Amino acid sequence: MSSVNTHQHVVAGHGECFPTVEILALGPLTNVAIAARLDTEFPATVKHLFIMSGTHRARGNVDFNPVSEFNAHADPESLDICLRTFIRPVLVTWEACLDHSLPWEKTSLWRNDDSSKGRFLKKITRFTQGLCESHGWPFTPADPLAAAVCLYPEIVTEGGAELQHVEVELAGSKTRAQSVVDKDNMNKCIPNTWIISNVNGERLLHIFKGMTDE
């Protein structure tokens, strides 16, 4: 699918899935936001929008912008549009991913599985593992955690999901792209986003191990 018209495919297909369509967004939200602008009825047809993006404790992962997460930093305006137009999107933040990091040795439970899926996973993560281990970084399951929450929402613990009002900073010279969570409702705004902060670690590990099942 061409990157030029991906947003057009999103808009064209939503009517076929109404009202059960769910979107798992694992990168910058450019196409989703453009689709929402092209068809203002589109966001209302989306049952759940799961997003791997943003922060809820202002701990980012972008050089020279320490409070911004990479996907949000790449296109903060699109994240802002999605939080404003979709019905209570689900935000799996960078801190949630950090909190569920694993030693790389544990990933051998599924990456060393002698199956076609196991060999594939090991091949596509070899570079990432080398880079992370050279810096002393653990396995941080950003996209896998968001996908797990989307497919198995029951893994979210009691208190691990909070409905909060979230806005995206678009103008700050030091805080651009920060997702600002109003935990105490100081702005007197209606909560608009589910923040995922915790899942059951044992069940998450079980899901990861099951990725290589044939």
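Q: Which strands does α8 lie across, and at about what angle does α8 run to β2?
A: Happy to start here, with the reminder that this is a predicted model. The helix α8 covers residues 142–151. Its place is across β1, β2, β3 and β6, and its angle to β2 is about 160°.

Q: What is the strand order of the open sheet?
A: Let's trace the sheet through its pairings. Strands β1 and β2 run parallel and are joined by five bridges, while three bridges link β2 to β3, also parallel. Further along, β4 pairs with β6 in the antiparallel sense over four bridges, and four bridges join β4 to β5, again antiparallel. The six strands have mixed pairing, in the order β1-β2-β3-β6-β4-β5.

Q: Which strands stand at the edges of the sheet, and why is one side of each left without a neighbour?
A: The order begins with β1 and ends with β5. Each of these two has a single partner strand, so one side is left without a neighbour in the sheet. The edge strands are β1 (21–25) and β5 (179–182).

Q: By how much are neighbouring strands of this sheet turned against each other on average?
A: The sheet in question is the open one of six strands. With direction ignored, the average turn between its neighbouring strands is 35°.

Q: Which residues of β1 form the covered face?
A: A general point helps: in a regular strand the side chains alternate between the two faces of the sheet. In β1, Glu22 and Leu24 make up the uncovered face. The covered face consists of Val21, Ile23 and Ala25.

Q: What is the bridge partner of Leu24 in β2?
A: Strand β1 is joined to β2 by five bridges. Glu22 has His48 as its bridge partner in β2. For Leu24, the partner in β2 is Phe50.

Q: How many of the residues of β2 are buried?
A: The strand β2 spans residues 46–52 and runs parallel to β3, with Ile51 bridged to Leu91 of β3. It also runs parallel to β1. β2 is mostly covered, and its buried residues number five of seven.

Q: Which residue of β5 stands opposite Glu167?
A: On the antiparallel side of things, β4 has four bridges to β6, where Gln164 stands opposite Thr193. Strand β4 also has four bridges to β5. Opposite Glu167 in β5 is Val180.

Q: Which strands does α4 touch as it packs on the sheet, and at about what angle to β4?
A: Ile51 of β2 is bridged to Leu91 of β3. Helix α4 packs on the sheet that holds these strands, touching β2, β3, β4 and β6 (193–196), and its direction makes an angle with that of β4 of about 130°.

Q: Which residues of α4 are buried?
A: The helix is mostly covered, with seven of its ten residues buried. Those buried residues pack against α2, α3 (70–74), β2, β3, β4 and β6. They are Pro76, Ser78, Leu79, Asp80, Ile81, Cys82 and Leu83.

Q: Is α2 parallel or oblique to α4?
A: The axes of α2 (residues 30–38) and α4 (residues 76–85) come within 8 Å and cross at roughly 50°. An angle between 35 and 65 degrees falls in the oblique range. That crossing angle therefore makes α2, relative to α4, oblique.

Q: What classes of residue make the contact of α2 with α4?
A: The crossing of these two helices is left-handed. From α2 come Thr30, Val32, Ala33, Ala36 and Arg37, and from α4 come Ser78, Ile81, Cys82 and Thr85. By class, the contact has five nonpolar, three polar and one charged residues.

Q: Near what value is phi of Ala58?
A: Ala58 sits in the loop between β2 and α3. With a relative accessible area of 31%, Ala58 is partly exposed. Its phi is positive in a residue other than glycine, near 60°.

Q: Near what value is phi of Asn185?
A: Asn185 belongs to the loop between β5 and β6. It counts as partly exposed because its relative accessibility is 31%. Phi of Asn185 is also positive, in a residue other than glycine, and is near 50°.

Q: Is Gly159 buried or exposed?
A: Gly159 is in the loop between α8 and β4 (161–168). Its C-alpha is 32 Å from that of Thr128, with their positions 31 residues apart in sequence numbering. At 56% relative accessibility, above the 50% cut-off, Gly159 counts as exposed.

How values were computed: Residues are numbered from 1 along each chain as its sequence is written. This is a predicted model: local features need pLDDT of at least 70, side-chain atom pairs count only at pLDDT 80 or more; totals for chains, interfaces and linings use all residues. Side-chain values use heavy atoms; hydrogens and water are left out. Buried means under 20% relative accessible area, exposed over 50%, partly exposed in between (1.4 Å probe, protein chains only). Axes are lines fitted to C-alpha atoms, for helices over the stretch in contact, and angles run from 0 to 180 degrees between N-to-C directions. Angles under 35 degrees count as roughly parallel, over 145 as roughly antiparallel, 65 to 115 as roughly perpendicular and the rest as oblique. A crossing is left-handed if the near helix is turned anticlockwise from the far one by less than a right angle, and right-handed if clockwise. Contact means heavy atoms within 4.5 Å. Ala, Val, Leu, Ile, Met, Phe, Trp, Tyr, Cys and Pro count as nonpolar, Asp, Glu, Lys and Arg as charged, and the others, Gly among them, as polar. Two strands pair if DSSP finds at least two bridges between them.
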